[in-house]
Amino acid sequence: MTETFSYRETDPDSLLLTWGARRTHSLTWQPGCDLPALLDEWEPRLTGLDDPETLAIVTVPSHETAAALPLIHHGFAPLTVIAERLAGRAPAARPSTVLVRPATSADLDVAVELNMHTVRYDAAFGLVTERANTAEHLRTALAEVLGRDHEAMWLAVQDDTPVGMIYVDMPQDAGWVERFASARPFAYLGHLGVRPDVRGSGAGSALAAHAHAVLDTAGVASTLLHHALPNPRSTPFWYSNGYRPRWTTWARRPALRSSSGVSSQPERPSGT
């Protein structure tokens with residue numbers, strides 16, 4: 001049986017720390033649960049008053065809109081969405097001046113550089129935190145992707161210069177996201193990013209279209225990804241590419257705030 005309340009500490013020498021806090025409290029949503037009551041029960045269990053390295057998260061199905069108000073009243077905000085694209089959903093082709101080619105081990109340096117651009121961009125929306133060892137760990141992770149026995153990473157190239165990168169976990173590498181997929185076989189889109197100076201040029205759309213064509217040809221029925229909900233570019237971009245919200249993670253960081261900062265009821269506007 002899944003535990004309702006859980007707690008974990010992340011190794012400080014881990015890439016996972018880029019996408020989270022050192023200490024994370026999680027509330028596991030179950031169908032039919034009394035979420036307001038669970039939130040009230042959970043509150044006294046939280047620790048880390050005003051510590052930015054503590055995080056409290058609740059992940060609920062995106063269509064469970066009744067969960068929104070209880071979470072808001074407890075000081076949570078929607079941060080991350082797991083979105084899903086089913087095979088065959090494709091937008092109209094968008095003109096672009098970039099060429100897309102497979103990445104090779106010789107492209108590791110540029111892959112790390114492009115991924116770091118995305119880390120720094122997403123940091124503005126609270127999704128990631130650049131750590132002292134982020135680039136080092138990304139180098140190890142991206143080298144593993146480049147070392148797979150099948151194509152999994154592609155570069156957008158403009159005038160012989162790489163300006164964007166995308167990579168995917170094909171079904172054999174995507175088992176960790178299984179519980180979120182609605183169809184099988186499934187894959188996970190691990191990263192899409194372009195240099196800041198080419199955002200809006202169509203480079204990202206060209207990379208997404210190429211990866212989706214590869215996935216569809218391979219018979220992948222479902223592709224999942226995470227995106228930052230506060231990022232004003234992410235939601236329209238991914239949904240225009242056929243993705244739909246499946247799960248939303250609500251977060252509060254620090255995990256516990258002073259009692260004066262969190263109210264179980266919304267404040268009544270003055271004059272009403």
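Which residue is the bridge partner of I82 in strand 10? The answer is W247, and the points below start from there. Please keep in mind that this is a predicted model.

1. **Strand 10 and its two neighbours.** The I82–W247 pair is a good place to begin reading the sheet. Strand 4, residues 77–86, runs antiparallel to strand 10, and eight bridges join the two. Strand 3 pairs with strand 10 as well, again in the antiparallel sense, over six bridges. If you would like a residue to look for there, T59 has T249 of strand 10 as its bridge partner. Seven of the ten residues of strand 10 are buried, so this strand is largely enclosed by the rest of the structure.

2. **The whole sheet.** Stepping back, you will find ten strands in an open sheet with mixed pairing. Their order is 1-2-3-10-4-9-8-7-6-5. Strand 1 (5–9) and strand 5 (99–102) are the edge strands, and each of them pairs on one side only. On average, and with direction ignored, neighbouring strands are turned by 25° against each other.

3. **The strand 5 edge.** Strand 5 runs antiparallel to strand 6 (residues 153–158), and four bridges hold this pairing. To find the spot in the viewer, look for L99, which stands opposite V157 in strand 6.

4. **Helix 1 on the sheet.** Helix 1 packs on the sheet and touches strand 1, strand 2 (23–28) and strand 3. The direction of helix 1 makes about 150° with that of strand 2.

5. **Helix 3: length and packing.** Does the length of helix 3 agree with the expected span, or disagree? With 15 residues at 1.5 Å a residue, helix 3 should span 21 Å, and its end C-alpha atoms are 21 Å apart, which agrees. The buried residues of helix 3 include L108, V112, M116 and V119. In an α-helix there are 3.6 residues a turn, so residues three or four places apart point the same way. The buried residues of helix 3 pack against helix 4, strand 6, strand 7 (161–169) and strand 8 (186–194).

6. **A salt bridge between two helices.** Side chains of opposite charge can pair when their charged atoms come close. One such pair is R139 and D109, whose side chains meet in a salt bridge at 2.8 Å, N to O. This pair links distant parts of the chain, with R139 in helix 4 (residues 134–146) and D109 in helix 3 (residues 108–122), 30 residues apart. R139 is partly exposed, with a relative accessible area of 34%, whereas D109 counts as exposed at 53%.

7. **A link across the sequence.** E53 and R253 also meet through their side chains in a salt bridge, at 3.8 Å, N to O. E53 sits in the loop between helix 1 (35–42) and strand 3 (54–61), and R253 in the segment after strand 10 (243–252), so the pair ties together parts that are 200 residues apart in sequence. E53 is partly exposed at 21% relative accessibility, and R253 is partly exposed at 28%.

8. **Other salt bridges.** How many salt bridges does the structure hold? The count is 16. Among them is the pair of R45 and E41, at 3.4 Å, N to O. R45 is partly exposed at 48% relative accessibility, and E41 is partly exposed at 40%.

How values were computed:
Residues are numbered from 1 along each chain as its sequence is written. This is a predicted model: local features need pLDDT of at least 70, side-chain atom pairs count only at pLDDT 80 or more; totals for chains, interfaces and linings use all residues. Side-chain values use heavy atoms; hydrogens and water are left out. A salt bridge is a side-chain nitrogen of Lys or Arg within 4 Å of a carboxyl oxygen of Asp or Glu. Buried means under 20% relative accessible area, exposed over 50%, partly exposed in between (1.4 Å probe, protein chains only). Two strands pair if DSSP finds at least two bridges between them. Axes are lines fitted to C-alpha atoms, for helices over the stretch in contact, and angles run from 0 to 180 degrees between N-to-C directions. Contact means heavy atoms within 4.5 Å. The expected span of a helix is 1.5 Å times one less than its number of residues.
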